[in-house]
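Work through the exercises below with the sequence and the 3D structure at hand, and try each task before reading its solution.

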Amino acid sequence: MKTFAYSRAESPEAAVAAGGRFIAGGTNLLDLMKLQIETPESLVDISRLDLAKIEEREDGGLTIGALVPNSDLAADPRVIAGYPVLSRALLAGASGQLRNKASTGGNLLQRTRCYYFYDKATACNKREPGTGCSAIGGVNRILAILGTSEHCIATHPSDMAVAMRALDATIVTLKSDGDRRRIAIGEFYRLPGDTPQIENVLEAGELITHVELPTPPKGEQLYRKVRDRASYAFALVSVAGIVSVEDGKIASAALAFGGLGPMPWRDPAVEAALIGQAPSDAAFAAAADALLKDAKGYGTNDFKIPLTRRTLIASLRELTGVSA
Amino acid sequence: MADFKMDADHSGLALERGVQGVLGAGLDRSEGALKVSGVARYGYEHPLAGEVAYGYLITAPAAKGRITGFDTDTARGLPGVLDVIVDDPRIPRQAAAFVPAHAGNDEIDHWDQIVGVAVATSFEAARDAAKSVTMTIAPEQGHFDTMAGVGDASGPPKDSRLQDMAKGDIDAAMADAAVTIDQVYTTPNQVHAAMEPHASVAVWEGDTLTLHSSLQILHAAKGILAKSVGIEADKVRILSPYIGGGFGGKMLGPEAVLAAIAAQKVGRPVKIAMARSQLFHNVYRRTDTHQRIRLAADKDGKLTALAHDSVVSQGPDGGFMEPVALGSIALYDAPVRHFTHKIVTLDMVQAGAVRAPGEAVGMLALETAIDELAEALGRDPIDFRKLNEPPVDPMTGAPFSTRALVECLDKGAERFGWANRASQPGQVRDGEWLIGMGMAAAVRINLLVDSQARVTLSPDGRARIETDMTDIGTGTYTILGQIAAESLGLPMDCVDVILGDTDLPPGAGSGGSFGAASAGSSVALACEDIVATLAERMQADPKDMTLKDGHAIAGNRRVPLSELVGSEPLAALGKISQGSNAKTFSQAAHGAQFAEVAVNSVTGEVRVRRMLGVFEAGRILNAKLARSQAIGGMIWGIGYALMEEAVLDQRHGAFVNHDLGEYHIPSHADVPPLDVLFVEHIDRHANPIGVKGLGELSISGAGAAVTNAIYNACGVRVRDFPLTLDKILGGLPDM
């Protein structure tokens, strides 16, 4: 860990004015600082700001403060009732101790768990732009098959963000000039391209203050996470699904995926393949085809392609009540 | 001195006549409350007076090459930095273990090799300094692929416990057999990563060195440390009262040598804890293994041949060989037998002892192959094993000391409900999940090593046990107390146990599951002497005297021990030594492992639903601690079967998953209810107290029970461990 300046912000406005790196739960940032992968000169502690409340809005949606701990969010009765996909995704992530510390805003900003990002003795374009990608041609079993570039095949590790992507969450921010922004989660993350070190559209000093969820969606909700052990492991693939069936036809579908890409992945073609169709294995297979049309394996992660296909079909069966 | 060499059975201990009723009881561990309340001080936490310095190890970002220069200027300029040591010829190059490691940091022979230490007034400053050191490296191409190097492999070292052995013609037996299995099984590199990292505090007073550390066998470590630092062994004292896991990995860590060097240079005590990632590359690993197993059987299901041929890897000058076939040698009867090992030298950290060297990985392969053969013969795997039970050691012809494998198999089958197992795979379904049952035999060779303990009975009626024996979390404090309490007729709270200090008589140390047998026997023998003296003072034959609740009872007299002791404490040194019984009898502990698993038919995810281990390990000293050891071993078995692997990047020779987030071992949610049953037979040929090693026994076969259950569940047989879901996926039914 490099020496750094520390200050505690008394208000969101003061936080963005302070011009440092924000720290809330620190469950990811502190690890990265100890390894000197992140070396901020100045930390602004936002953990005591008044941003830890979950409030219902008049339109029936929820506004979640950026400092709401993952445990609290998962256990909130309104979340359990209206957004079970989110509660389940949160509980599928990390460990009890980490969920107690991790904040809603910080969870959205987790860095990848790619082995090479964490090992300063190896090349990594995300950690040190221009040095190369060790994961391509290396050990990439846990890495991405969608949205990759020749510069980076990292995955985004969050479970929570996958559920929020399916829920069409909106990220509310405060910029350093005092302006507020509302960013749809679909517009929030960036593909790696040739700048894998830039992971989202936040500007320097911009603070996430809230996450808004729209009115609870219609239909069945599911979060299914496939991983190498029963707890405390990142997703090899995960599916956040919200599907409603009316008159024997799929009326609405929202499907987001973890473990596959550099961001919580959602592809309108998957949903288009389903909406208006009677739930059936044929329709589900078409959705899987649409999702995996451009999937690219890098060797040891090739299995993610059939695994994703199977997991999606099984998830859709469960969401629509179709038996195998 | 009560000195007993195990050339014959002991004629009968006071322990056997004990009526105190504490031996075998499932007592709580005596130091448990100290540990959970934080009162127990581990090595790194040892309180020191005065100024202390912190060291952080400097490592090289390459696997092979020469270091042509260091730049330590930036590091030296950082606040709080006392020294940056990269030029001491004693810097160990490899995992210091049973012998002093090769020293000198000009050559790099494995990834992340320790090349020095930064010393500062705080841990954080030392870490920052260590990471600020840069070095110029002339890299060379390293070799990291075991099988690619098999052409240059060597055979077992001369001093290896396990030499190549053959009986009969394996090729002819395979050609003539009704049914054969000829398969290759592989297991990956594994690392130690004990919960407490390797950590040491070195304190110099004049020319004497005191090391507070976390080590398993102290008197051995003392000699290695003295040689590594360049002083006489009698100038070294090591203390390890509490140890947060050893598992074979804490013989002597490189941090101990560097703490001693650094403390000498900066003139104050130095504390060094290895970082988790450093442990992955600087503590010896368990080698990967490539195991070919050939089995031949006649049509009636009798084994006619058994061959287990292994290729393992080792780092430069490693010495140790993973004895893969150790469990296979005497487990089943077969006239033709063949066991070989080849060692490939790689540019990697040395390989060494990790949790049941030999059986842990060898039994994964053997017991999977036996399952395959039983299936090919159309026989139940338990019936097959019983049919091939040897009457004597099938390699040497020696009688078994005790052997209750068949009893374990039968009792386990009944308790687990084995009769309900579907004989064909893929028959039982629970929603998306395919359910299966599997089993495997367990075996672990039994060892006895020389061990000494002093027992002192004080005028106040309290007993004190002193030995440099260690408690690595297994419960040594408690069982030694139980042995003395039972022998001397004392309540447990009248016995003090002092361990982990080289100033005390040299004990066995912890390793190879020999600790309880060896150190326990030395305590029992010391008590023999004290009981003899007490009997003399009671004017009774020891056999006619009863000791209970601090009193001696004989000839209608009941006398407090304090009165018999008088004003001078009674002290005795007990010493057990290995003898010819180790050869006269074939000694091993046995067991039977059972598992029920669920395999997800969509994803290939495996969840273990329940397990049962039935073990025969001689006398059980403490039912609770024995069970704890057993379930720990069974959990390792789940990990070996399903997830544990140090993933090697073949380009760099580095383990990429070098933290406990990505190096997967079972989490709580992966561990189902575990049932343990002991079949108790006191083994009088093994050692005076009749116990056999247990800790490693419970690892043996546990993983194979899980993988055999996976086959029974879904019909997919994977021979490359661990069985991660990607290896199962391709064999699952279409969606």
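## Exercise 1: Backbone angles in loops

The place of A:Tyr232 is in the loop between strand 9 (220-226) and strand 10 (237-246) of chain A. The model is a predicted one, and the task is to describe the backbone of A:Tyr232 and then to look for a comparable case in chain B, beginning with the phi angle of A:Tyr232.

Solution. Step one is the angle itself: although A:Tyr232 is not a glycine, its phi is positive, at about 55°. Step two is accessibility, where A:Tyr232 counts as partly exposed because its relative accessibility is 35%, in between the limits of 20% and 50%. Step three turns to chain B, where B:Asp317, also a residue other than glycine, has a positive phi near 55°. B:Asp317 sits in the loop between strand 15 (303-314) and strand 16 (336-345) of chain B, and with a relative accessibility of 55% B:Asp317 counts as exposed. A last backbone feature is the cis peptide bond that runs from B:Phe721 to B:Pro722, with omega near -5°; B:Pro722 belongs to the loop between helix 17 (702-714) and helix 18 of chain B.

## Exercise 2: Placing salt bridges

Find where the partners of the salt bridge between A:Arg141 and B:Asp726 lie, and then do likewise for the pair B:Asp430 and B:Arg609.

Solution. Begin with the distance from N to O, which is 2.8 Å for the side chains of A:Arg141 and B:Asp726. A:Arg141 is in the loop between helix 7 (104-108) and helix 8 (160-166) of chain A, while B:Asp726 is in helix 18 (residues 725-729) of chain B, and therefore the pair joins two chains. A:Arg141 is buried at 15% relative accessibility, whereas B:Asp726, with a relative accessible area of 24%, is partly exposed.

For the second pair, the N to O distance is 3.1 Å. B:Asp430 comes from strand 17 (residues 428-430) and B:Arg609 from strand 27 (residues 606-616), both of chain B, so this bridge ties together parts that are 179 residues apart in sequence. B:Asp430 is partly exposed at 40%, and B:Arg609 is partly exposed at 33%.

To finish, B:Asp683 and B:Lys692 form a salt bridge at 3.4 Å, and both of these residues are buried. In chain A, a network of salt bridges links A:Arg21, A:Glu38, A:Arg111, A:Lys126 and A:Glu199.

## Exercise 3: The interface of the two chains

How many residues of chain B are in contact with chain A, and which residues supply the most buried area on the side of chain B?

Solution. The contact count gives 38 residues of chain B against 38 residues of chain A. Together the two chains bury about 3100 Å², of which 54% is on carbon and sulfur atoms. B:Arg651, B:Glu662 and B:Met735 supply 18% of the area that chain B buries against chain A, more than any other three residues.

The next step is to consider polar links: three salt bridges are found across the interface, and there are 11 residue pairs in polar contact between chain B and chain A. On the side of chain B that touches chain A, helix 4 (123-132), strand 28 (648-649) and helix 18 each give two or more residues, and helix 4 of chain B gives the most, with four residues. By residue kind, this side of chain B divides into 15 nonpolar, 11 polar and 12 charged residues.

Key:
Residues numbered from 1 in each chain as written. Chains lettered and ligands numbered in written order. Predicted model: local features only at pLDDT ≥ 70, side-chain atom pairs only at ≥ 80, totals over all residues. Heavy atoms only, no water. Salt bridge = Lys/Arg side-chain N within 4 Å of Asp/Glu carboxyl O. Buried < 20%, exposed > 50% of the residue type's maximum accessible area, 1.4 Å probe, protein only. Contact = heavy atoms within 4.5 Å. Buried area = accessible area lost by both parts, 1.4 Å probe. Polar contact = N/O pair within 3.5 Å; in protein donor to acceptor, adjacent residues only side chain to side chain. Nonpolar A, V, L, I, M, F, W, Y, C, P; charged D, E, K, R; others polar.
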